[in-house]
Each structure stands twice: as C-alpha cells, then as structure tokens.
Amino acid sequence: MALFIDVEVTPEVASDPHLAAKLTEVCPVDIFAVGTGGALEIVEANLDECVLCRLCIDAAPQGSVTVRK
C-alpha cells in the first residue's frame, strides 16, 4: 500500500476499456494499467511516484478520479 498517495477511480470508469486506455496513456508514472478485458488496474507499487500532475483527473469524466495526498 502507498504511504503518501491514494488514487480512486469509479467503477464505471474502471470498467470502460476506452477510458482505461486513456488513463494509462496520460499517466507519466504508470499508476494505471489495462488489465484483462480492458478494465483499468491501479499499480499499487507506483502510487507514491505520483507527481500530482492532474492529467488523470483531466482525462476522465468530472468526479470519477480522485487523487489524495
């Protein structure tokens, strides 16, 4: 588990292959990955690498991605 950063994604976004691919593409520190069936996976080992760039927040529908420091 991450010590400093937590990322939450709504189930609707996590299960959407298009949005999962988009989040994976925009994250500069590989917090997101596309798993089986195109579902979004959060790479727990990379969470503390987050630079708080907000690219994931801007790439997803409003309120569907939350980054907590």
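Visitor: Where does Arg 68 stand on the scale from buried to exposed?

Guide: Arg 68 counts as partly exposed, at 41% relative accessibility. On this scale, buried means under 20% relative accessible area, exposed means over 50%, and partly exposed lies in between (1.4 Å probe, protein chains only). The model is a predicted one, in which local features need pLDDT of at least 70 and side-chain atom pairs count only at pLDDT 80 or more, while totals for chains, interfaces and linings use all residues. Residues are numbered from 1 along each chain as its sequence is written, and side-chain values use heavy atoms, with hydrogens and water left out.

Visitor: With which residue does Arg 68 form a salt bridge?

Guide: Side chains of opposite charge can pair when their charged atoms come close. The criterion for a salt bridge is a side-chain nitrogen of Lys or Arg within 4 Å of a carboxyl oxygen of Asp or Glu. The count by this rule is one salt bridge. Arg 68 pairs with Glu 8, and the closest N and O atoms are 2.9 Å apart. The two residues belong to distant parts of the chain, 60 residues apart, with Arg 68 in strand S4 and Glu 8 in strand S1 (residues 6-9). Glu 8 is likewise partly exposed, at 39% relative accessibility.

Visitor: What pattern do the helices and strands follow along the sequence?

Guide: Helices (H or I, at least four residues) and strands (E, at least two) are DSSP runs, numbered from the N terminus. The protein has three helices and four strands. Their order along the sequence is β-α-α-β-β-α-β. The radius of gyration is 11 Å, close to the 11 Å that the globule rule gives for 69 residues, so the protein is as compact as a globular protein of that length. That radius is taken over C-alpha atoms, and the globule rule is 2.2 Å times the number of residues to the power 0.38. The C-alpha trace spans about 30 × 25 × 20 Å along its principal axes. Of the 69 residues, 33% count as buried.

Visitor: Which residues of helix H2 are buried, and what covers them?

Guide: An α-helix has 3.6 residues a turn, so residues three or four places apart point the same way. In H2 (residues 17-26) the buried residues are Leu 19, Ala 20 and Leu 23. They lie on the same side of H2, because they cover an arc of only 105 degrees around the axis; the arc is that of the directions from the helix axis to the C-beta atoms. The face turned away from this buried side carries the exposed residues His 18 and Glu 25. The cover over the buried residues includes helix H1 (11-14), strand S2 (32-34), strand S3 (40-42), helix H3 (55-59) and strand S4 (65-68). Contact here means heavy atoms within 4.5 Å.

Visitor: Which residue caps the N-terminal end of H2?

Guide: Asp 16 does so, with a side-chain oxygen 2.8 Å from the backbone nitrogen of His 18. A polar contact is a pair of N or O atoms within 3.5 Å; within protein, one must be able to donate a hydrogen and the other to accept it, and residues adjacent in sequence count only if both atoms are side-chain atoms. Ser 15, in the loop between H1 and H2, supplies further cases. Its side chain reaches the backbone oxygen of Pro 11 at 3.0 Å, and a polar atom of that side chain lies 3.3 Å from the backbone oxygen of Glu 12.

Visitor: How many disulfides does the model contain?

Guide: A disulfide is a covalent bond between the sulfur atoms of two cysteines. The criterion is a pair of cysteine sulfur atoms within 2.5 Å, and the count comes to zero disulfides. For Cys 50, the nearest cysteine sulfur is that of Cys 53, 6.3 Å away. For Cys 56, the nearest cysteine sulfur is also that of Cys 53, 6.2 Å away. Cys 50 is buried at 18% relative accessible area, and Cys 56 is buried at 11%.

Visitor: What is the sign of phi at Leu 52 and Arg 54?

Guide: Phi of Leu 52 is positive, near 55 degrees, in a residue other than glycine. Arg 54, not a glycine either, has a positive phi of about 70 degrees. Leu 52 lies in the loop between S3 and H3, as does Arg 54. Leu 52 is partly exposed at 42% relative accessible area, and Arg 54 is partly exposed at 48%.

Visitor: Is Ser 64, in the loop between H3 and S4, buried or exposed?

Guide: Ser 64 counts as buried, at 5% relative accessibility. Leaving aside residues up to four places away in sequence, Ser 64 touches Glu 8, Val 9, Thr 10 and Val 13.
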